[in-house]
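User: I would like to learn how to read a protein model, one feature at a time. Please give the general idea before each case.

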Amino acid sequence: MKKIGFLSFGHWSPSAHSQARSAADVLQQSIDLAVAAEELGVDGAYFRVHHFARQAASPFPLLAAIGARTSKIEIGTGVIDMRYENPLYMAEDAGAADLISAGRLQLGISRGSPEQVIEGWRLFGYNPAPGETDADMARRHTEAFLTVLGGEGFATPNPRPMFPNPPGLLRIEPHSEGLRDRIWWGSASNATAVWAAEMGMNLQSSTLKNDETGEPLHVQQRKQIEAYREAYRKAGHAREPRVSVSRSIFALTDDLDRAYFGRDRGSRDQVGMLDDTTRAVFGRSYAAEPEELVKLLRDDEAIQAADTLLLTIPNQLGVDYNAHVLDSILTHVAPELGWR
């Protein structure tokens, strides 16, 4: 058995070919797709977070709205850029969204990826401390966020409060019990995967990873997952960790599928530079008739090693088509691979 979710970047474009032409379209269609996905039996609805872009950016109103309209599906992110976040305010938003969804939040967080603007986190009011990098700052914000999610009091109460206080130091409210165990770290390297394990977070690995060995993406990811699980075991955490990988996967079941994605039949991994110093490997897309797709996915070592698969979706093609994409995987592919 494997959990299967979708991951939306929430793109919008005024193009006549797009069914998501505004931010309002993306937000409303994201809710509708999560509802449809739950009805199909999809396990998770996940959303990317990008600032200063025509994409989804403020996750918590969306997650709360989906939580209020659904009852079973996991609701998450992949990922929130912690360079931009106030850990305490984020803990309040996350606690509220998790309570609205009755404990179904699965928050993916990370240092983030290259953004649309130069050092956008500074425009949000956040600056690395002396001697810190922006990645260090993101991990510092993350550690503070994880600490307050634990629910321990840390703030000295006012001796003359407006409302009565419980005894002792005060914690962030609303507090959602168990949310601390449902935080995931989006890792692009083996070293940060090990750090995530030591911190007791789950692991998200996407279709992009630092190219550390020159091997295919799925092989590097499988080794990253093994390093993560070994570090998690050594850290002595009590619960079983979770691991997700993301893939673009399309079962070609009709002429519309072939028109949209038939050209991806021969897709291969690509290698490029994320920045001046970081070489990265970008994972291939999978597009084939169901029988062939089953064979291809069976050979993907990272998918086999993960317990959760997030399917990246072409959200601008609309709710109905994306529901069809998900249903095709659940109906024609997942049972043949033992995922259902």
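User: How many cavities of 30 Å³ or more does a search of the whole structure find?

Analyst: First, this is a predicted model: local features need pLDDT of at least 70, side-chain atom pairs count only at pLDDT 80 or more, and totals for chains, interfaces and linings use all residues. Residues are numbered from 1 along each chain as its sequence is written, and side-chain values use heavy atoms, with hydrogens and water left out. On a 1 Å grid over the protein atoms alone, a cavity is a set of points where a 1.4 Å probe fits but cannot get out; a pocket is an open set with protein on both sides within 12 Å along at least five of seven lines. Lining residues have an atom within 4 Å of a point. Grid points are joined across faces, edges and corners, and a volume is the space filled by probe spheres set on the points. Here the search finds three such cavities, and the largest has a volume of about 100 Å³.

User: Which elements each supply at least two residues of the lining of the largest cavity?

Analyst: Helices (H or I, at least four residues) and strands (E, at least two) are DSSP runs, numbered from the N terminus. In this case the elements are β1 (3-8), α1 (23-40) and α11 (319-333). Helix α1 gives the largest share, four residues. Among the lining residues are F6, L33, F47 and N322.

User: How do the residues of that lining divide by class?

Analyst: Ala, Val, Leu, Ile, Met, Phe, Trp, Tyr, Cys and Pro count as nonpolar; Asp, Glu, Lys and Arg as charged; and the others, Gly among them, as polar. The lining of the largest cavity has six nonpolar, six polar and no charged residues.

User: How much space lies in the largest pocket?

Analyst: About 1,200 Å³. Of its 45 lining residues, F9, R48, S113, S206 and L208 are the closest to its centre. By class, the lining has 16 nonpolar, 23 polar and six charged residues. The second largest pocket holds about 230 Å³ and is lined by 14 residues. Helices α2 and α3 (87-100) give two or more residues each to that second lining.

User: At what angle do helices α6 and α7 pack?

Analyst: Axes are lines fitted to C-alpha atoms, for helices over the stretch in contact, and angles run from 0 to 180 degrees between N-to-C directions. Helix α6 (residues 190-198) and helix α7 (residues 217-235) pack at about 30°, with axes 8 Å apart. That makes α6 roughly parallel to α7, since angles under 35 degrees count as roughly parallel, over 145 as roughly antiparallel, 65 to 115 as roughly perpendicular and the rest as oblique. A crossing is left-handed if the near helix is turned anticlockwise from the far one by less than a right angle, and right-handed if clockwise; α6 passes α7 in a right-handed crossing. Contact means heavy atoms within 4.5 Å, and the residues in contact include A193 and A197 of α6 and A227 and Y228 of α7.

User: Which peptide bonds are cis?

Analyst: Most residues other than glycine have a negative phi, and most peptide bonds are trans. The bond from G78 to V79 is cis, with omega near 10°, and V79 sits in the loop between β3 (74-77) and β4 (80-81). The bond from E173 to P174 is also cis, with omega near 0°. As for phi, F52 is not a glycine but has a positive value of about 60°; F52 lies in the loop between β2 (44-47) and α2.
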